[in-house]
Structure formats: C-alpha cells, structure tokens
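Visitor: I am new to this structure and would love a close look at a single part of it. Could you pick one residue, start there and then lead me outward?

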Amino acid sequence: MTSTTGSAPTSPAAKAGRNEVLYFALRNTKLLIGAVVFTIFLLGAIFGPMLATHEPMTFDAPPGMPPSADYWFGTTLFGQDVFSQFVNGLRSSFIVGTLAGFTAAIIGMFIGFFAGYRGGFVDEVLNMLTNVVLVIPTFAVLLVVAAYLSVRGLGTEAAFIGLTSWPWAARAIRAQTFSLTSRDFVGMARLNGESTLRIIFGEIAPNMSSYLVMTFILLFGGAILTAATLDFIGLGPTDSISLGLMMNYSVMNAALQLGMWWWFVPPGLAITAIVGSLYVMNVGLDEVFNPKLRAL
Amino acid sequence: MLRYLARKLFIYLLTFIVAVTIDWAIPRFMPGNPVDALVSRIALMPDANAALTSYFMAAFNLDQPLWQQYLNFWSALFHGDLGRSIMLFPTPVTTLIGRALPYTLGLLLPSILLSWYVGNVVGALAARRKLLDNSVLPLGYLLTATPYMWLGILLAWVLGSTLGWFPLAFGYDQSLKVEWSWQFLGSLLYHWVLPFASLFMVALGGWAIGMRNMIIYELESDYANYLMALGAPQRLVRKYAFRNAMLPQITGLALQLGAVVGGALVTEIVFSYPGLGWLVLSGIQNQDYFVIQGVFLFIIVGVLLANLIVDIVYVIVDPRTRVGLQGDAA
C-alpha cells in the first residue's frame, strides 16, 4: 500500500503494518466521528457522577422543573435531579455493555474457534447448540428469568445478556476459523506438533483480530440496547438507576402528557448516540482493516 | 429439500423442548419460592401460613417428585392448560393471552413484513447511488441504534401529545363498546397508527443497510461484471443482483424475529396498547408468574412457527436447497 497523495512529508503508509492501520484510521471520517461521539458519552459516564451536585434518587428538588442553572437537565415529577440520574444511568449502561459484551465474546470465540478448527463431531454438537440458542427468542427468556429474580444487580443483568447473545458471534467466528484452518500456515503449525490451543490462539486468532474487535463492538452495542429494553419493562437492576428505567418512570408518570421532554429525551438520545456511534465506527473500522473498502 | 427441512424441523423441535424445560425449571430452581410469595401476599395470621403453604404445594403438585412434575407440565401443556392468572383469578392464562394476541399480531405482522419490503427496496436503490446513499446510510444506522421504546415515546410526544394528531394510549377509544361497528374499527385503526409506525421505522433501518451492503457485494461479483461486459442494461444487472441479495435477507428475517417481538412488547407498554407486552408488564407488576410463563411459551411457539414459514419460503425461493446442493448452511 503506497501513499496516495505523496504531498504529505510523513506519508508513512508503507512503513509498517501498525502504522498503516493508524494512517488509515486517522483519515477515516466515519471512524473519527463515531469515536468522538462515543468518547464524549464515555467521559460523561466516568466523570458525570462526580459533577452531579444532587443524589440521583433523593426527592430534594422542586418537582417538574425544566432545565435550569441549578438542575441542568431539569427535575422529575417527584423532584429528582435528571442530570444525576442520567450520568449514573450512563455509567450503568457502559458497565453492562462491557461485561455482557465480554461474556458473549468469550463464549462466542470459544465455541466458534473449536467448532471451526476441530470440525466433525465437535462442530456438529456445538453448531446444534448455537442454532438452538439462535432460534430461541432470547428476550423472552430474559424476561422470565429476570421476573423470578427478586434482587437483581448490574452483574446479573450483564451475565444473562452475555449468556444469550453470543450465537451469531459464534457462527461468524466459526466461519472465519473454518476458512483459516485450511490455510498452509495452520498446516505447518500442525506438522510442527503444536497443540490445538496454541494453534488457535497463536495462529488463527491473530489473523482475524480485526474481525474479533468488530464482533466485540457489535456485541457491546447490542447488550446496551437489550439492557435498556429490560430496564424499561422494570426487569433491570433493582439497586440502581438506568437509562431504561428513567424512560419507564417518565412514561408511567405521564411525562408525555405533561410535555416534560427533559425527562425522557436524554436517556433515549444517549442510547441511540452510543449504539449508533458504535455501528458507524464499525463501518469505519471495516474500511480501515479491509484494503478493498478503502476509499481515499 | 426434505433433508433440509427435516434438519430445520429437528432443531425447532429441540428448541421447543429446551424452551419448555426452561419454562418449567426456572420457577423451581430459582432462589425464592413463588408459593411463599403468594402466601405472603395473602398475608393471613402466622399459623395459617403453614397450612396455606402445604395447600398450595399440593394444589400445584409441587410435593411430587421432580420427574413427575416435569411430565405433568408437558401433559398440561398439551391439554392447552397454562394455569390460572393470579391477578385476575380465576381467569385461565390462555384466555388472557387469547384476548391480547390479536393486538400484538396486528402490530407485528404488518410492521415486520412492510419494513422488510420497504427496507429492501430503499436499500437496493441506495446502493451505488452516491446522493441517496449518503442520506439512507446514516439514517439507517440511526434508526437501528434507536431503542424501540424511545422512538415510540418520541412519536407519542410529538404527534400525540404536542400536536394532538393521534391518541396517546390504549387500543381503542375507551368510551366505545367492543363490537363489529365501523366506528369501533375506525378507532382501532386510529390507535394502531403510532405503535405501528414506531415499530416499522426502527426495523426499517436494519433492512435498508443490509440490502445496500448485499447489493454492493453482488454488483462486484463475477456474474455482474460478466453481464456488464456483455453490455447488458443496468436494470437487468441490478435485477439479478437484487434477487441474489434477497436470500440473506430472508434468513435475516428469521433471525430478527425475536428482537422485533421484544420491540413490540416495549412499544405496547409505551402506548398502553392491550397486547402481550402490556399483559407481561401487568404480570410482572403483580408477580403473576403463570401469565409471564404463558406469554413466554406463546412467544417461543410463535417465533418457531414463523421460522418454519421462513424456511419453507426459502426452499421455494432458493432452488439450490431443492436439488440438495448446499444453499444456506443449516
């Protein structure tokens, strides 16, 4: 890959693999826009709760106030600070997304790698398992499980979402592994007598690392959406505020009829922006990693 | 072809058994005991609790060995018995579901099919047309990233509350009698518009993006290049690309069903629409476990049936599955 412009004195695209990725990453508008939006919300989740001057769940503010200097995002019908609820909910969203995304990615990678590399009977069994979980409407399963748990935390919610959202990832990774397994360098490693684990994590996984990163991003975004939906039905964590729960409270308490937009617009907007930025970043990453898609 | 369908059927059967087993196992192996919850809700004198507990244990056959309970569960299921609602005792759960189901189906079927169709057409038009693509792609990503309930909330707020064009809640005008009159049907349709529109719009984005990407991929394939080299008109090449790009979209339809059903449930909650979502919500709020479990089973059966229909359509559309060549991996 040679430099396309030549005008830039540092045109480093040809230098080394990593620099090349960076070179294209910094010139990809989709990736940059997505990353900026994502970072803004991430910073809000990390530092927002420190900035909040009020507790999220206490009723110490004047009720139903539009945004003002004292209450940046206004207050709820019961006199809670919306800004404080928002940043704390944002934090929960990121925590659930990360935990659930990791759980699903690990399960998906494990199943995908072994099914794709081993083939045969292992593949048949794992494929069957994947198909069953894929067909089950997992949201309905989450509904029943969560309904029976009277005390739920962020961790349990993330675990359940992770345990049910891996199938498509497993399928995609399996297909990739399958095509890599027939390559010569894997055959060489096999001839050298390397162990299955070593081949999978030393030879196969690094060759699809970009793919794995993108899979994780999609799992992360999907988990945030699922968590918001569960929270909205009232099956989210019982011990903390979340963006979904904010929307639930606002709808259940006639915020729509009263026109209290500051109560329900921020939580949904944040989720849309975070998940949307992840999707756009993914497209950008695809263009960075895949030379065929680079349009410079 | 038969082998393809048989394989799919086997998976659906297995899924059904797994789902029913989950439905049976969750109340029995979860921490906390629904019977205790039920007894404490009735809240009698302390010494009456023990008697009541043993009564309920016997009434729900919870004192029998587990394998016997499991068989009983299946037998009840095949007799169409999903238990009785606690909040609306003694209405059978099946009656409640039967009442709610038409509303949910009335929302789901049109929004799934229409969004799929419109999304495919829009996506195919957007592919390789710079101007349209630049608007369709960002909008599509924005729509797929939107939580179902939030779009519903926004529509209800802007079109319902602020502008007053559409009703904010319920499945029909509450002052009307439920009957087959034009007035009632009109009210039904009027209340249906907003929940339908929000489901339709969220689902639309994903289909448009999927189709756009597939078409671009197909237009770069050998057969498309060959056709163009022969001087075939653009329209013809695009037509073939569209037909090929359709196949993954059909598979995608089956995969998306679960998510759309989840979306319909929360959309109903936003609009207080009297479908399954609203039923589940009141079940959760009243700890009416039979209702939750019954709705769960209904959703599973519905999604499996829909999957089967999609598979049959796939066999009709993709000739490779008929002659036994490998079409879509099962």
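Guide: Gladly! Let us start at Thr229(A), which lies in helix 10 of chain A. Please keep in mind that this is a predicted model. Thr229(A) has a relative accessible area of 13%, and it counts as buried because that value is under 20%. What does Thr229(A) touch, leaving out residues up to four places away in sequence? The list holds Phe139(A) from its own chain, together with Met149(B), Gly262(B) and Val266(B) from chain B.

Those contacts with chain B lead us to the interface. Here 43 residues of chain A are in contact with 48 residues of chain B. The two chains bury about 4200 Å² between them, and 83% of that area is on carbon and sulfur atoms. On the chain A side, Val135(A), Tyr148(A) and Leu256(A) lose the most area to chain B, together 17% of what that side buries. How many salt bridges does the rule find across the interface of chain A and chain B? The number is zero.

Aromatic rings do meet across the two chains, though. A pair of aromatic rings is described by the distance of the centres and the angle of the planes. The count over all chains comes to 22 aromatic pairs. One of them joins Phe264(A) and Trp157(B), edge-to-face, with 5.4 Å from centre to centre and 75 degrees between the planes. This pair crosses from helix 13 (residues 261-289) of chain A, where Phe264(A) sits, to helix 7 (residues 148-162) of chain B, home of Trp157(B). Phe264(A) is buried, at 0% relative accessibility. Another pair is formed by Tyr279(A) and Tyr141(B), which are tilted at 55 degrees between the planes, their centres 6.3 Å apart. Here too the pair crosses between chains, from helix 13 of chain A to helix 6 (residues 130-145) of chain B. Both partners are buried: Tyr279(A) has 17% relative accessibility and Tyr141(B) has 12%.

Helix 13 of chain A also takes part in a salt bridge. Side chains of opposite charge can pair when their charged atoms come close. The side chains of Glu287(A) and Lys30(A) meet this way, at 2.9 Å from N to O. Glu287(A) lies in helix 13 and Lys30(A) in helix 2 (residues 29-51) of chain A, so the bridge ties together parts that are 257 residues apart in sequence. Glu287(A) is buried, at 18% relative accessibility, whereas Lys30(A) is partly exposed, at 30%.

Over all chains the structure holds five salt bridges. Among them is one in chain B, where the side chains of Arg212(B) and Asp133(B) meet at 2.7 Å, N to O. Arg212(B) belongs to helix 8 (residues 182-219) of chain B and Asp133(B) to helix 6 of that chain, so this bridge links parts 79 residues apart in sequence. Arg212(B) is buried, with a relative accessible area of 13%, and Asp133(B) is buried as well, with 11%.

Now back to helix 10 of chain A, where we found Thr229(A). Helix 10 (209-233) is among the elements that cover the buried residues of helix 7 of chain A, and that cover also includes helix 3 and helix 4 (120-135). The buried residues of helix 7 include Pro167(A), Ala169(A), Ile173(A) and Leu180(A). Helix 7 has 15 residues (167-181), so at 1.5 Å a residue it should span 21 Å, and its end C-alpha atoms are indeed 21 Å apart. For helix 3 (residues 82-118), with 37 residues, the expected span is 54 Å, which agrees with the 52 Å between its end C-alpha atoms. Just after helix 3, Gly119(A) takes a positive phi of about 65 degrees.

Finally, let us step back to see the whole of chain A. The chain has 13 helices and zero strands, and its C-alpha trace spans about 75 × 55 × 30 Å along its principal axes. Of its 296 residues, 52% are buried, and Thr229(A), our starting point, is buried too.

Methods: Residues numbered from 1 in each chain as written. Chains lettered and ligands numbered in written order. Predicted model: local features only at pLDDT ≥ 70, side-chain atom pairs only at ≥ 80, totals over all residues. Heavy atoms only, no water. Phe/Tyr/Trp six-rings, centres within 6.5 Å; stacked < 30°, edge-to-face > 60°. Helix = DSSP H or I, 4+ residues; strand = E, 2+ residues; numbered from the N terminus. Buried < 20%, exposed > 50% of the residue type's maximum accessible area, 1.4 Å probe, protein only. Expected span 1.5 Å × (residues − 1). Contact = heavy atoms within 4.5 Å. Buried area = accessible area lost by both parts, 1.4 Å probe. Salt bridge = Lys/Arg side-chain N within 4 Å of Asp/Glu carboxyl O.
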